[in-house]
Amino acid sequence: MAEKMTEFQKMRSGMLFDFTDKEVLDSIMHSKQLCAKIRQMSEFDEGYRNLIEELIPGIPKSSIVISPITCDHGNGVKLGEHTFVNSNCTFLDGGYITIGDHTLIGPDCRFLTPQHPMNYLERRETKETDLPITIGKDCWIGGNVTVCPGVTIGDRSIIGAGSVVTKDIPNDCVAVGNPARVIKRNENKV
């Protein structure tokens, strides 16, 4: 099955793929060119929203992304309704990065899906895997947070500023630190 898949399809499937493949590089180039244009604008400028919608296809009208933004592909970022992404966030989205409805992302956050081989000889090759990141609904990701490959953060959870999330965080938790650890459970009552 993997032999019939393109390198781009392998990338999106979390399989080992060649990141120098033309289709992969074309996608990166398109994203980098859009990000460069967006960097020169604010969300209030004419044409800004059109560029964001080209970078992140399917972004809901209710979601806001503040410039600047950096993406490897952009088309691997899936934002829910009423999601807010503050300035200077980085999305290395070879693997899908899914962010739920009503989630707030602070400035300078990084979402990193690439996972390089552990063996140093294999790291010399132009191959990696990309593991998806999922952020639940109604989350608050504080400023300068890094989310590592393959991590899921549950609904209504809060990640403290400056944290590095290396493992899954359950629903309704507050997690802080490097590596991020759950320090309390939230009693989210409506």
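Ser31 is buried, with a relative accessible area of 0%. In this predicted model, Ser31 belongs to helix α2, and its side chain reaches the backbone oxygen of Cys71 at a distance of 2.8 Å. When neighbours within four places in sequence are set aside, the contacts of Ser31 are Leu55, Cys71, Asp72, His73 and Gly74.

Helix α2 spans residues 22–39, a run of 18 residues. The distance from its first C-alpha to its last is 25 Å, close to the 26 Å expected at 1.5 Å a residue. At the start of α2, the backbone nitrogen of Glu23 has a side-chain oxygen of Asp21 within 3.1 Å. Ser31 is one of the buried residues of the helix, a set that also includes Val24, Ser27, Leu34, Cys35 and Ile38. Viewed down the axis of α2, the buried residues fall within an arc of 105°, so they line one face of the helix. An α-helix has 3.6 residues a turn, so residues three or four places apart point the same way. The elements against which the buried residues of α2 pack are α1 (7–12), β1 (17–18), α3 (48–55) and β3 (69–71).

The strand pairing was examined next. An open sheet is formed by four strands in the order β4-β7-β12-β15, with parallel pairing. The edges are occupied by β4 (77–79) and β15 (152–153); each has a single partner strand, so one side of each is left without a neighbour in the sheet. The partner of β4 is strand β7 (residues 97–99), to which β4 is joined by three bridges, the two strands running parallel. Within this pair, Ile99 of β7 is the residue opposite Leu79.

A further set of pairings involves strand β18. Strand β18 (residues 173–177) and strand β19 (residues 180–185) run antiparallel and are joined by five bridges. The connection from β18 to β19 is a hairpin of two residues. Gly177 has Ala180 of β19 as its bridge partner, while Cys173 stands opposite Arg185 in β19. Strand β18 is also joined to strand β16 (residues 158–159), in this case by two bridges and in parallel orientation. In the pairing of β16 with β18, Ile158 stands opposite Val174.

The cysteines were considered last. The structure holds zero disulfides. For Cys89, which is in no disulfide, the nearest cysteine sulfur is that of Cys109, 4.8 Å away; a disulfide would require the two sulfur atoms to lie within 2.5 Å. Cys89 is buried, with a relative accessible area of 1%. Cys173 is likewise in no disulfide, and the nearest cysteine sulfur, belonging to Cys139, is 10 Å away. Cys173, the residue opposite Arg185 of β19, is buried, with a relative accessible area of 0%.

Technical notes
Residues are numbered from 1 along each chain as its sequence is written. This is a predicted model: local features need pLDDT of at least 70, side-chain atom pairs count only at pLDDT 80 or more; totals for chains, interfaces and linings use all residues. Side-chain values use heavy atoms; hydrogens and water are left out. The expected span of a helix is 1.5 Å times one less than its number of residues. Buried means under 20% relative accessible area, exposed over 50%, partly exposed in between (1.4 Å probe, protein chains only). The arc is that of the directions from the helix axis to the C-beta atoms. Contact means heavy atoms within 4.5 Å. A polar contact is a pair of N or O atoms within 3.5 Å; within protein, one must be able to donate a hydrogen and the other to accept it, and residues adjacent in sequence count only if both atoms are side-chain atoms. Two strands pair if DSSP finds at least two bridges between them.
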